[in-house]
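Please open the structure in a viewer and set it to a cartoon representation. The tour below proposes a series of selections and describes what each one shows.

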Amino acid sequence: MVLSEQALKKIDRELAKFPADQRQSAVMAALAIAQDETSWLSPEVLQFVADYIGMPAVAVQEVATFYNMYNTKPVGKHKITVCTNLPCALSGGERAAHHLKQKLGLDYKKTSADGKFTLMEGECMGACGDAPVMLVNNKRMCSFMSNDKIDALVIELSQTTEAGK
């Protein structure tokens, strides 16, 4: 089975929120649940979600490739997305990105050889007043990212990776 029974139960809860003829309305939640379990949305996972929801596979793929929160290629355990939209860029985003690139030895859209980190460039995250901002694994917003805060974040994430968390 592509997804666990637990993941399917979560998807079923999302599907229950919509009338039977509008199951496709749960596709974004279903993709997020699948990604939480598999870390990225392989063609096999996309097909499984499409079949499970009863949508054409191409429609599921369109959703997965339209939104940058979905990983359609393998990523590291910790995907760090740096906001480089103009307000963040002007408020230290470029500096923060440069420091993070140096710290990780990565450029955008690259994953570390050990599989711990993937670095991505992101558009507006809706937190311009907190710039520069970064998003970890699409779930944790990190604000006012000075070099010291970036260093601490990398250490923290490295330790959670080593602890298997």
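In which sense do S1 and strand S4 (residues 134-136) pair, and over how many bridges? Select both strands in this predicted model: S1 and S4 pair in the antiparallel sense, over three bridges. Within this pair, threonine 81 is the residue to highlight, for it stands opposite leucine 135 in S4.

**The whole protein**

Now zoom out to the complete chain. The protein has 165 residues, of which 42% count as buried. Its C-alpha trace spans about 50 × 35 × 25 Å along the principal axes. Colouring by secondary structure brings out six helices and five strands. Followed along the sequence, these elements give the pattern α-α-α-α-β-α-β-β-β-β-α. Among the contacts with a separation of 6 or more, 60% are accounted for by residues 24 or more positions apart.

**The sheet**

Select the five strands together. They form an open sheet in the order S2-S3-S1-S4-S5, with mixed pairing. S2 and strand S5 (140-142) stand at the edges and have a single partner strand each, so one side of each is left without a neighbour in the sheet. As a general point, strands of a sheet pair through backbone hydrogen bonds, in either a parallel or an antiparallel manner.

**Strand S1**

Return to strand S1, residues 78-83, and display its side chains. Is this strand mostly covered or mostly uncovered? S1 is mostly covered, with six of its six residues buried. Both of its faces are covered. On one side the buried residues are His78, Ile80 and Val82, and on the other they are Lys79, Thr81 and Cys83.

Next, add strand S3, residues 117-122, to the selection. S1 and S3 run parallel and are joined by six bridges. Two positions serve to trace this pairing. Histidine 78 stands opposite phenylalanine 117 in S3, and cysteine 83 has glycine 122 of S3 as its bridge partner.

**Strand S2 and its hairpin**

Keep S3 in view and select strand S2, residues 110-111. These two strands pair in the antiparallel sense over two bridges. In S3, leucine 119 is the bridge partner of lysine 110, while threonine 118 is the bridge partner of threonine 111. The hairpin of S2 and S3 has five residues between the strands. Glycine 115 in this hairpin deserves a separate selection, as a residue that takes a positive phi near 75°.

**Helix H5 over the sheet**

Select helix H5, residues 86-104, together with the strands. Which strands does H5 lie across? The helix lies across S1, S3 and S4, and it runs at about 150° to S1.

**Helices H1 and H2**

Finally, move to the N-terminal part of the chain and select helix H1 (residues 5-15) and helix H2 (residues 27-38). The two helices pack at an angle of about 165°, and their axes are 9 Å apart. Angles over 145 degrees count as roughly antiparallel, and H1 and H2 are therefore roughly antiparallel to each other. Their crossing is right-handed.

Display the side chains of the contact. H1 contributes Ala7, Lys10, Ile11 and Glu14, and H2 contributes Ala29, Ala30, Ile33 and Glu37. Of these residues in the contact of H1 with H2, five are nonpolar, none is polar and three are charged.

Note on methods:
Residues are numbered from 1 along each chain as its sequence is written. This is a predicted model: local features need pLDDT of at least 70, side-chain atom pairs count only at pLDDT 80 or more; totals for chains, interfaces and linings use all residues. Side-chain values use heavy atoms; hydrogens and water are left out. Axes are lines fitted to C-alpha atoms, for helices over the stretch in contact, and angles run from 0 to 180 degrees between N-to-C directions. Helices (H or I, at least four residues) and strands (E, at least two) are DSSP runs, numbered from the N terminus. Angles under 35 degrees count as roughly parallel, over 145 as roughly antiparallel, 65 to 115 as roughly perpendicular and the rest as oblique. A crossing is left-handed if the near helix is turned anticlockwise from the far one by less than a right angle, and right-handed if clockwise. Contact means heavy atoms within 4.5 Å. Ala, Val, Leu, Ile, Met, Phe, Trp, Tyr, Cys and Pro count as nonpolar, Asp, Glu, Lys and Arg as charged, and the others, Gly among them, as polar. Buried means under 20% relative accessible area, exposed over 50%, partly exposed in between (1.4 Å probe, protein chains only). Two strands pair if DSSP finds at least two bridges between them.
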